Amino acid sequence: MPTGSTEADPAPEQDREALKRHRVLFRAVARRKNPKLRRTDITVTDERVVKRAVKAAALGNAMEWFDFGIYSYLAVTIGKVFFPGGSDTASLLSSFATFAVAFLVRPLGGAYFGPLGDRIGRKKVLALTMIMMALGTLCIGLIPSYAAIGFWSPVLLILFRLVQGFSTGGEYGGASTFIAEYAPDKKRGFFGSFLEMGTLIGYTGAAGIVLLLNTTLGDEAMVSWGWRLPFLIAGPLGLVGLYLRVKLDETPAFQKFEAAQTHGGGNSAVETEAEFSHLSENAPKKKIGEIFTQQWPTLILCIALVGAYNITDYMLLSYMPTYLTDTLHYEESHGLLILLGTMAVLMCVLSTVGKLSDRYGRKPLLMTGMLGFFVLAIPAFLLVKQGSVPAVCGGMALLGLSLVCLLGTMSAALPALFPTNVRYGSLSIGYNLAVSLFGGTTPLVITALMDVFDKNVMVPAYYTMGAALVGVIAVACMKETAQQPLEGSPPSVATKEEAVELIEAQSPEPRF
């Protein structure tokens with residue numbers, strides 16, 4: 001993560017004043033250079049403010065996905081605790097079905113939190129999702145086992161998984177929108193990559209704790225009480241994440257809206273209402289209809305991109321430990337250790353991929369990742385199938401290098417698909433519909449297909465290839481957005497010199 005100045009960061013109020021001075025200055029410069037650009041508002045970002053926003057959003061995201069990742073890494077144990085009847089396969093299927101349940105309500109969470117974030121502010125919604133996720137995860141750790149209360153045990157598990165899913169529905173769309181609206185246009189890929197860094201940190205933390213418990217406690221103690229410990233940690237971690245998110249400043253767009261509402265701004269009431277109509281109290285109902293009627297082509301593209309991305313993501317980061325343990329009969333600790341190593345490598349190269357997407361474009365990086373999964377899925381799983389540690393690590397590396405091309409690029413590419421007035425809501429709905437239909441069901445579908453096809457260990461490879469093919473088509477259909485302003489937003493630059501250069505480019509000297 002990029003680090004800021006060694007000096008103490010200024011208070012949020014000082015940050016707002018600095019941003020305001022920058023905007024006023026460059027509006028004045030623009031008017032001197034070209035009177036026709038009178039209403040141009042070039043945002044010059046304060047790097048310390050951007051870094052603070054990125055850190056808080058990414059670390060909050062890490063807390064959220066730590067909570068969510070715990071369940072997937074304890075799937076086998078949870079199946080024994082809450083679904084003890086029947087075969088091991090039936091128990092595992094029940095556990096993954098409960099994992100998938102949380103994804104059914106994610107579109108509802110996105111439809112609720114997206115418009116709400118436009119009305120009351122990004123940081124308030126991100127804080128609310130943090131509270132809900134932490135409480136849902138903590139409560140799972142307190143549920144009595146099936147042996148203690150019978151039928152009500154899995155019922156309560158499903159209930160709190162629904163709470164987790166609903167809160168997560170507002171997470172990715174809000175966090176990615178927050179970072180995208182703060183970052184300068186030419187560094188949006190670099191700063192956006194740290195959102196996925198937070199996801200990997202959360203998953204790594206969850207896998208590390210589960211690995212430690214499995215190693216020190218053993219199977220019997222884990223089934224008896226040890227499985228609860230990672231869920232109970234969610235309470236204190238939730239408080240940390242909540243603190244980080246409350247300390248966030250709103251994005252410049254929302255700060256401008258609040259100033260216009262409070263002080264009247266420099267625009268007329270009609271202009272203000274027109275410019276910020278998407279932030280009004282009636283926006284949630286109106287904007288959901290607008291998203292489906294006016295943005296449906298882009299929404300379909302978003303769903304295709306996210307669906308392909310999430311199938312490959314959840315296959316590697318969520319399902320693979322279970323695949324190694326349940327299908328290839330690896331010790332659970334060995335599977336988690338290999339996954340931890342894979343995620344550590346991904347984190348080391350993630351920000352570099354973000355920089356490459358800023359330099360060469362989003363489409364080349366996304367296409368490389370999708371084609372990588374399509375071409376390398378079979379060789380990767382053939383290596384994993386061999387069973388030796390070098391072969392398994394080699395197969396995981398092939399899949400991981402394909403995934404990192406998507407991880408380092410998606411968080412900058414997806415917010416740019418939609419205009420500012422419907423960005424939060426559209427992205428939240430499109431992203432969560434795709435995750436609900438394809439991402440969260442990945443472990444369940446793969447497990448069921450393997451059962452149908454007589455434990456064919458290549459089923460995950462074929463499923464991944466199908467998802468990657470859809471992704472290749474979607475990437476080919478999207479437009480390039482690297483180094484360009486977000487649609488409906490003014491240009492955002494990193495330095496005063498870049499702002500002057502941009503103004504001069506828009507105002508060429510007359511020829512005689």
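This is a conversation between a student and a tutor about a predicted model of a protein chain.

Student: How many aromatic pairs does a search of the whole structure find?

Tutor: The search finds 13 aromatic pairs.

Student: What makes Phe 113 and Phe 166 a pair, and why is the pair called tilted?

Tutor: Their ring centres are 5.4 Å apart, and rings pair if their centres lie within 6.5 Å. The planes stand at 55 degrees; under 30 would count as stacked and over 60 as edge-to-face, so this pair is tilted. The pair also links distant parts of the chain, with Phe 113 in helix H5 and Phe 166 in helix H8, 53 residues apart.

Student: Why is Phe 113 called buried, and how do you know that Phe 166 is partly exposed?

Tutor: Buried means under 20% relative accessible area, and Phe 113 has 1%, so Phe 113 counts as buried. Partly exposed lies between that cut-off and 50%; Phe 166 has 24%, so Phe 166 is partly exposed.

Student: What about the rings of Tyr 319 and Tyr 323; why is that pair called tilted?

Tutor: Their planes are at 45 degrees, with the centres 5.9 Å apart, so the pair is tilted. These two tyrosines are 4 residues apart in helix H16, which separates them by about one helical turn. Here is the general background: an α-helix has 3.6 residues a turn, so residues three or four places apart point the same way. Both Tyr 319 and Tyr 323 are buried.

Student: Which residues form one aromatic cluster?

Tutor: Phe 82, Trp 227 and Phe 231 form one.

Student: How do you know that the charged end of Arg 161 sits over the ring of Tyr 71?

Tutor: The charged end of Arg 161 is 4.4 Å from the centre of the Tyr 71 ring. The distance cut-off is 6 Å, and the charge must also be within 35 degrees of the ring normal. Arg 161 is counted as sitting over the ring.

Student: Let's turn to the interior. Which residues have the most contacts inside the largest nonpolar core?

Tutor: That core has 116 residues, and those with the most contacts inside it are Tyr 73, Leu 305, Met 320, Tyr 323, Met 343 and Leu 414. Helix H16 gives the most to this core, with 15 residues. A second, separate core has 5 residues, including Ile 42, Val 493, Ala 499 and Ile 503.

Student: Why is Ser 357 called buried?

Tutor: Ser 357 has a relative accessible area of 0%; the cut-off is under 20%, so Ser 357 is buried. Ser 357 is found in helix H17. Among the residues Ser 357 touches are Gly 189, Arg 362 and Thr 409.

Student: What makes the approach of Ser 357 to Gly 354 short enough for a polar contact?

Tutor: A polar atom of the Ser 357 side chain lies 2.8 Å from the backbone oxygen of Gly 354, and the distance limit is 3.5 Å.

Student: How do you know that the length of helix H22 agrees with what is expected?

Tutor: At 1.5 Å a residue, the 19 residues of H22 should span 27 Å, and the end C-alpha atoms are 28 Å apart, which agrees. The buried residues of H22 include Val 459, Met 465, Ala 468 and Val 475. What covers these buried residues includes H16, H18 and helix H21.

Student: Where does Asp 185 lie, and why is Asp 185 called buried?

Tutor: Asp 185 lies in the loop between helix H9 and helix H10. Asp 185 has a relative accessible area of 6%, and the cut-off is under 20%, so Asp 185 is buried. A polar contact of 2.6 Å joins the side chains of Asp 185 and Arg 188. Asp 185 also touches Gln 483 and Pro 485, among others.

Student: What is the phi of Gln 483?

Tutor: Gln 483 has a positive phi of about 60 degrees although it is not a glycine. In general, most residues other than glycine have a negative phi. The place of Gln 483 is in the loop between H22 and strand S2. At 40% relative accessibility, Gln 483 counts as partly exposed.

Conventions
Residues numbered from 1 in each chain as written. Predicted model: local features only at pLDDT ≥ 70, side-chain atom pairs only at ≥ 80, totals over all residues. Heavy atoms only, no water. Phe/Tyr/Trp six-rings, centres within 6.5 Å; stacked < 30°, edge-to-face > 60°. Buried < 20%, exposed > 50% of the residue type's maximum accessible area, 1.4 Å probe, protein only. Core = buried A, V, L, I, M, F, W, Y, C linked by side-chain atoms within 4.5 Å. Polar contact = N/O pair within 3.5 Å; in protein donor to acceptor, adjacent residues only side chain to side chain. Contact = heavy atoms within 4.5 Å. Expected span 1.5 Å × (residues − 1).
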